[in-house]
Structure formats: structure tokens, C-alpha cells
Amino acid sequence: MMQKFEMTDLGLLHHFLGMGVIQSDNCIFLHQRKYTSTLLQKFGLQECKSVSIPLVPNDKLRKDDDSGAADGAQYRKLVGSLLYLIATRPDIMYDACLLSRFMHCPTNKHYGTTKRVLRYIQGTLDFGLEYKKGEGTVLIGFCDSDWSGSEDDMRSTSRYAFTFGSGVFSWASVKQQCVALSTAEVEYISASEATAQATWLRFVLEDFGEMQAAATPLNCDNTSAIATTKNPIFHQKTKHINWRYHYIKEALQQGVIDLLHYPTKEQVADIFTKALAREQFSYLRELLGVKSVHNLKWEC
């Protein structure tokens, strides 16, 4: 580019859109430590006591919890900041997406839960995403969901994550548009939405010269959903499902994806579906590629 345009070489990238970039010969590490420190200072929590997990397991949030109304403007600022932070911290995506559902009428419990997430961030200031070199160039997907996770309308949420060598680079949490009648149905819908994302990622990688010759492995922990996908017959148990979600059957037949069973304890997307206990949360966070900068093995 310097031969074509007049420009100055400033060396390796260190900062970009609020993200810090640390590069070595064997990995790239993305973080938002400066932004996180500013966020804690802005809300007066820079000296708060940290916690090991962002949310308490089995603690459900709903619109009306009789805890009283909170400051809506302050709540929206806080949740909006968390949503920006998930660019390098997918470990808090479930928490940020859950709390964003109550932006129009937050309660004191919602606000207290949001501050707990900040306390978790306080204890993980130096965490970020690590991408290792030489880990292969195979696109791998993970999909999961919670059944009737919303206490207000009983709708489920689809979650998926994709890795390319090491570390997740594409992840999402999308509330489903219908009420699912079973865990198999909700996992089937989640896998279909993940398939659409996998198809698009394959197009993007092909443009970058990384064409995926084989079918993309899509890991799911529900055997009934896998059986439904691989059954070419539309039987009575699936006749009520919207036709748009049957796209996964065609993708499977065309060799775009390969739906595989994966144990729940190893399911990376499970961290996006619910609040987990500390041991499981820490284990899945490591699989995401989220780790402390002090735990990196530099070989410059």
C-alpha cells in the first residue's frame, strides 16, 4: 500500500476503536482494559469488591419483581457500556443481553444485578481474547439454547459461537420469535439460526482465500434435535415449526454443515445460555479464549 499511496508506517497496531492489541510471534491478544477502568470509575466502582462470576446461578429476572423502580437513564448508560464491552469479553454476553431486556422499565433488582456484573469485571480487568498462531484454519460452530428462559413471555433464546483456529470470533444471543414446545424444538431452531450464520461465514472466508472444502462442524448437545435434522421426513412433531427453520435440513444435505453431538460440559455456547457455577463458568471461559494477559505464553 505504501507503493500505491502516500502514508507513514507507524509500526504494529496497538489501539483501535477503544480496543487494545498486543501482538507477538505466536498470538494476538485483544482487550479493553482502559475502557473498562474508565467504566468502573464513571459509576464509582473502581474500589469495589470483586466477585468470581457475573450472575448468581438460578436467580431469575423478570419485569415486575416488586423491588421498586430504578434510575432508567443511569441503567441504560450502564447496560449500553456493557454491550460495547462484549466486543472482547464474550464471557459477559449473556449477562449484558439479559439485562438489556429491561431497559424501558428497570427495577432496583435489575440495577443491583448490573452492578454485580461490574464487580465481576473489576476482578477480571486484564482479561481479553487470545488468538493463537498455527492452530489450523477450520471453521467450527457451537449452538445451544435455554428452554423458556424468559420469565415474562416464556420464549427461549438461541446462542451460537464460532471458532477459526483458536478463540471465538463470532458469537450471538438472539431471542426466538416463538414459544417452543420442547427442548428438542428450541435446540432445532437454535441450530438452524447458527447454520445461517455458518453459511455467511463460509462466504466471507472464501473471499479471504480460506475456502472451507469440508462441511462446517456444528456442535449441538441435544440428540433429539440432531435426529430431527437428519430425518428428511416432516412428521407430526415438527409440522408446527415455521418453515424458515427447516433451512438446516437443506444445508445438511448440501454439505454446508455437519450437525454433531457434543457433551454439555464441553459445549462452549452453554456459557451464553444461563448463569453457571464458578468451576464450569471458568472452564468454558477458557475454551472461549478469554484469559488474563498475565497467563499468556509470550515467545517473541
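Reader: Is tyrosine 35 buried, exposed or partly exposed?
Author: In this predicted model, tyrosine 35 is partly exposed, with a relative accessible area of 24%. That value falls in the class because buried means under 20% and exposed means over 50%.

Reader: How many aromatic pairs are there?
Author: The count is five aromatic pairs. One of them joins tyrosine 35 and tyrosine 84. Their ring centres are 5.0 Å apart and the planes are at 65°. Planes over 60 degrees apart count as edge-to-face, so this pair is edge-to-face.

Reader: Where do tyrosine 35 and tyrosine 84 sit in the chain?
Author: Tyrosine 35 is in helix H1, residues 33–42, and tyrosine 84 is in helix H2, residues 72–85. They are 49 residues apart, so the pair links distant parts of the chain. Tyrosine 84 is partly exposed as well, at 37% relative accessibility.

Reader: What about tyrosine 160 and phenylalanine 162, how do their rings sit?
Author: Those ring centres are 5.7 Å apart with planes at 65°, so that pair is edge-to-face. Tyrosine 160 is buried at a relative accessible area of 11%. Phenylalanine 162 is buried too, at 0%.

Reader: Back to H2. Which of its residues are buried?
Author: Gly72, Tyr75, Leu78, Val79, Ser81, Leu82 and Leu85. The cover over these buried residues includes H1, H3 and H4.

Reader: What end-to-end span does H2 have, against the expected one?
Author: The end C-alpha atoms of H2 are 20 Å apart. The expected span for its 14 residues, at 1.5 Å a residue, is 20 Å, so the two agree.

Reader: And H5, what span there?
Author: Helix H5 covers residues 183–207, which is 25 residues with an expected span of 36 Å. Its end C-alpha atoms are 36 Å apart, in agreement with that. H5 is mostly covered, with 18 of its 25 residues buried. After H5 comes glycine 209, which has a positive phi near 85°.

Reader: Switching to strands. In what order do the five strands of the open sheet run?
Author: The order is E7-E6-E5-E8-E9, with mixed pairing. E7 and strand E9, residues 257–261, are the edge strands, each pairing on one side only. On average, neighbouring strands in this sheet are turned by 20° against each other, direction ignored.

Reader: Which sense do E6 and E7 pair in, parallel or antiparallel?
Author: Antiparallel, over seven bridges; E6 is residues 157–164 and E7 is residues 168–175. Arginine 159 has serine 173 in E7 as its bridge partner. The two strands form a hairpin with three residues between them. Glycine 165 in that turn has a positive phi of about 100°.

Reader: And E5 with E8, parallel or antiparallel?
Author: Strand E5, residues 139–146, and strand E8, residues 216–220, pair in the parallel sense over two bridges. Opposite glycine 141 stands leucine 218 in E8.

Reader: What lies across E8 and E9?
Author: Helix H6, residues 223–230, lies across both strands and runs at about 145° to E9.

Reader: Now packing. How many residues are in the largest nonpolar core?
Author: It has 44 residues. Leu82, Leu118, Ile121 and Phe272 have the most contacts inside this core. Elements giving two or more residues to this core include H1, H2, helix H4 (108–122) and helix H8 (278–288). H3 gives the largest share, six residues.

Reader: What does isoleucine 121 touch, sequence neighbours aside?
Author: Leaving out neighbours within four places in sequence, isoleucine 121 is in contact with Thr36, Leu82, Leu85 and Ile92. Apart from the largest core lies another core, of 24 residues, among them Tyr188, Leu218, Ala251 and Val256.

Reader: One last residue: where is lysine 63?
Author: Lysine 63 is in the loop between H1 and H2. It is partly exposed, with a relative accessible area of 37%.

Reader: Which residues is lysine 63 in contact with?
Author: Beyond its neighbours within four places in sequence, lysine 63 is in contact with Phe102, His104, Thr107, His110 and Asp152.

Reader: How far is lysine 63 from glutamine 197 in space?
Author: 31 Å, C-alpha to C-alpha, with their positions 134 residues apart in sequence numbering.

Conventions
Residues are numbered from 1 along each chain as its sequence is written. This is a predicted model: local features need pLDDT of at least 70, side-chain atom pairs count only at pLDDT 80 or more; totals for chains, interfaces and linings use all residues. Side-chain values use heavy atoms; hydrogens and water are left out. Rings of Phe, Tyr and Trp (its six-membered ring) pair if their centres lie within 6.5 Å; planes under 30 degrees apart count as stacked, over 60 as edge-to-face and the rest as tilted. Helices (H or I, at least four residues) and strands (E, at least two) are DSSP runs, numbered from the N terminus. Buried means under 20% relative accessible area, exposed over 50%, partly exposed in between (1.4 Å probe, protein chains only). The expected span of a helix is 1.5 Å times one less than its number of residues. Two strands pair if DSSP finds at least two bridges between them. Axes are lines fitted to C-alpha atoms, for helices over the stretch in contact, and angles run from 0 to 180 degrees between N-to-C directions. Contact means heavy atoms within 4.5 Å. A nonpolar core is a set of buried Ala, Val, Leu, Ile, Met, Phe, Trp, Tyr and Cys residues joined through side-chain atoms within 4.5 Å.
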